[in-house]
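Good morning, and thank you for coming. Please look at the sequence and the structure as they appear, and I shall then take you through some selected places.

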Amino acid sequence: MCGIVGYTGTQNAAPVLLEGLKKLEYRGYDSAGIAVLNDGRISISKVTGRIAGLAEKTEDGRLLPGVTGIGHTRWATHGAPTEPNAHPHTSNDGRFAVVHNGIIENYMELREELTRKGYHFESETDTEVVVHLVEMYYQDNLKQAVMRTAARLRGSYALGIICADEPEKIFAVREASPLILGVGIGENYFASDVTALVAHTRNAIYLEDGEFAELTPDSITVFDCTGHIIQKRVSRITWDIQAAEKGGYDHFMLKEIMEQPRAVKATMAPRIKGSEIVLDGVDIDLKQINKIMITACGSAYYAGCAAKYAIEKLCRVPVITELASELRYSDPLIDEHTLLIVLSQSGETADTIAAMRECQRRGAKTLAIVNVVGSTIAKIADWCLYTWAGPEIAVATTKGYTTQLTVLYLFALYAAKKVETVDDSTWRKLLSALKALPKQIQQALDMNPGISQLAKKYHSTCSMFFIGRNTDYAVALEGALKMKEISYIHAESYAAGELKHGTIALICEGQPVIALCCNDSVSEKTMSNIVEVKARGAEVLAVAFRDNARIVSLADDMLYIPKIDPLFSAAVEIVPLQILAYHVAKENGCDIDKPKNLAKSVTVE
Ligand code: AGP
C-alpha cells in the first residue's frame, strides 16, 4: 500500500524523506516522489520505479534544499504507475502540494466540480482533487483550507499537505488510513507507519479517524474535524523494525488476513452509490452475452468457482469455470457472445495471459479482475475492474481472494439488474447482505485465538479432507489449497456427495475432516456425509452457522461464522480456514510467507 512521510525541522528535508520512504519500501510501490518547501516555493521530484532512482535524480536530496517536505511511495490504484500519476500532486498555482494514502471515493464528482470551476488536472489519480480543493478553499489560513477540504472527502485518506505561503508547517489528516506523528526535539515527522519514524524518534502520537494535525519544528497541534484542539497522549514505540513492517504480526500472511475487512470495503464501497452498483468504465452489452467463462489459476480460479453460483443464480446465464492452464490448450467453444472473466491478483500469470489471448482470438469479450494496476492482464482486457486490496506480499493469497470474490459478487448484482433477472426487493436485500461482508469478515477474524488452539490439535496430521457441497465445496477447494501450500500437509477437497464414490475408503480412525456446512439448501445432505465419515472414525471440524443446532452433536469441533446469504458466504467462510492453515503451518515451523517451491507471481508456464 502507498506510504507517506513528512518532515519539518532544521535538517535538509529531502534526505530525511528519502530515508523514510526507503523504510516504507516493504509495503510495495511502483513510483515515488518528494516535495520540499524552500524560499517561498515548492520543488518536486518524482520517478517511476525505485526510491534509489529518486535518490539518484535528486543527488541524494541535495538538489532539493529546504527544511520542510513531504514524500510518497505510490502503489497504483487510479491510473497507471507513471510520473504524472506519482505524488506529490501540486495545485495549479504551484503553492500547495499533497501526498495521499487511501482512496477518495467521491473523486469523480469532485473532479467534475473542480473542472467546471476552471481547475485543470495533470493526472488520472483520485488524489489530485485534494490539492485543488485546498487551493480553492485557501484564504491565508491553511488550517481552515485543510478542514474544509477534508469535509468534502469521502473514503479513506492519510494526507500530508504543505503550502508555499506558510513555511515550516506540514499538515497531516487521517480518515481510515494509518497515520502516525513522530515527536522530535526541534523537528517533527509524520509517516504511514512507525518503520519510517524509529530511526529518528520513538515518541509517537497516533492520530484517530477524523483528526488532523499541524506540525512545525517546535510544536504539534492536533485538532478534531471541527478545528478544536485535542490533547493527545505521546506513546513510546517499542517495536523493532522487522515487527513494525508486519504491523506487529509475526508474518505478512497474518497481517494480510487481518486486513481483509478493510480491503473488501475499499474494493466495494466506491462502487456502491446509494442503491446502485456502478462499475466504472464497464459498458458490456450484457443482453448480447449468452455464456460466461471464468478462467484463472490457483486461488483466483477457486474464487471463480465460488462466484459462479452467484452469477448463475442471479443472472440466469451459464457460467463455465476453466483452469487457465487447461483452457489455453483446449479447443473452447467461444465466440463474440461469450464474456470471459479473467481473475488474477498479480495480473502477470503466464497461463492466464495465454488463455485470455486464445479466447480473445476466438472473439470473446474480456473482463479482467486484477489487483496490480497496469499489469499485463489489466492492459489487454476489454474492461478491467481492479480489486483494491493493496499489495499482497505473502505468497499465499488471502485478501487477494476475498477481494476478487467481492468484485465478482458486485458484478453478479450489477449484471442481474441490467438483464432484469432479479426483482427489486430481492436485489436490495442482496445488496445489504453484500455491504455487511466487511463486518462479518471481522467477526470471523475474531475467532483467531480459538483457531490457534485448534491448530494444536490438528497440526500433526499428515493428511486432511475438506468437504462441502455447492458453494461450500468451492470454499473447500480454496481451504485445502491454503493448508497445502503453507503447511505442506496433504489436503484434499472433495464434493461431500462424492465421498461414497471412492474417497471414503481413505477415512480411518482419527482422520481430520473439515466439513463446510454453511449453505442451508444442502446442509442436511452434508450432515449425512459427516455422519458417514464419523462412523469410520474421522475427527470432524465443522464450519457452520450458530443456528445449526444439529451439527453440534455430530462434529468434534465447531467454528461458527456469522449468518450470511449462501450466495456470498464464501468470502466469510474462507476466513477461519485461512487462519487454521496459518496456525497449523506455524505450529509446524514452516516458512509461512515464502513456502518452499512457490513464487508469488507465476510468470512462466
Ligand atoms: C494462492 O495462494 C497461490 N499463491 C496461487 O494459487 C495463486 O492464486 C495463482 O498462482 C494465481 O496467481 P494470480 O492471482 O496472481 O494470477
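By a polar contact I mean a pair of N or O atoms within 3.5 Å; within protein, one of them must be able to donate a hydrogen and the other to accept it. Please also keep in mind that this is a predicted model.

With that term in hand, let us begin with Asp-283. The side chain of Asp-283 makes a polar contact with the side chain of Trp-383, at 2.7 Å. Asp-283 itself sits in the loop between β17 (276–277) and β18 (291–296). Is Asp-283 buried or exposed? Its relative accessible area is 59%, and the cut-off for exposed is over 50%, so Asp-283 counts as exposed. For a sense of distance, take Ile-42: Asp-283 and Ile-42 are separated by 241 residues in sequence and, from C-alpha to C-alpha, by 41 Å in space.

I turn next to Thr-68, which belongs to strand β4, residues 68–74. Here the relative accessible area is 2%; buried means under 20%, and Thr-68 is therefore buried. Which residues does Thr-68 contact, leaving aside its neighbours within four places in sequence? They are Tyr-7, Thr-8, Ala-13, Ala-35, Val-36, Leu-37, Ile-162, Glu-168, Lys-169 and Ile-170. With one of these, Glu-168, there is also a polar link: the side chain of Thr-68 reaches the backbone nitrogen of Glu-168 at 3.5 Å.

Now to the helices. Helix α3, residues 107–116, and helix α4 have axes that come within 10 Å and cross at roughly 45°. That angle is why α3 is described as oblique to α4. The crossing of the two is left-handed. On the α3 side, the contact is made by Tyr-107, Leu-110, Arg-111, Glu-113 and Leu-114, while α4 supplies Val-129, His-132, Leu-133 and Met-136. Sorted by class, the contact of α3 with α4 has 6 nonpolar residues, 1 polar and 2 charged.

Finally, helix α5, which spans residues 142–152. How does its N-terminal end begin? Asn-141 caps that end of α5, with a side-chain oxygen 3.1 Å from the backbone nitrogen of Lys-143. The buried residues of α5 are Leu-142, Lys-143, Ala-145, Val-146, Met-147, Thr-149 and Ala-150. What covers these buried residues? The cover includes helix α4 (128–137) and the strands β6 (96–104), β7 (155–163), β8 (170–175), β12 (211–216) and β13 (219–223). Lys-143 thus appears twice, as a buried residue of α5 and as the partner of the Asn-141 cap.

How values were computed
Residues are numbered from 1 along each chain as its sequence is written. This is a predicted model: local features need pLDDT of at least 70, side-chain atom pairs count only at pLDDT 80 or more; totals for chains, interfaces and linings use all residues. Side-chain values use heavy atoms; hydrogens and water are left out. Buried means under 20% relative accessible area, exposed over 50%, partly exposed in between (1.4 Å probe, protein chains only). Helices (H or I, at least four residues) and strands (E, at least two) are DSSP runs, numbered from the N terminus. Contact means heavy atoms within 4.5 Å. Axes are lines fitted to C-alpha atoms, for helices over the stretch in contact, and angles run from 0 to 180 degrees between N-to-C directions. Angles under 35 degrees count as roughly parallel, over 145 as roughly antiparallel, 65 to 115 as roughly perpendicular and the rest as oblique. A crossing is left-handed if the near helix is turned anticlockwise from the far one by less than a right angle, and right-handed if clockwise. Ala, Val, Leu, Ile, Met, Phe, Trp, Tyr, Cys and Pro count as nonpolar, Asp, Glu, Lys and Arg as charged, and the others, Gly among them, as polar.
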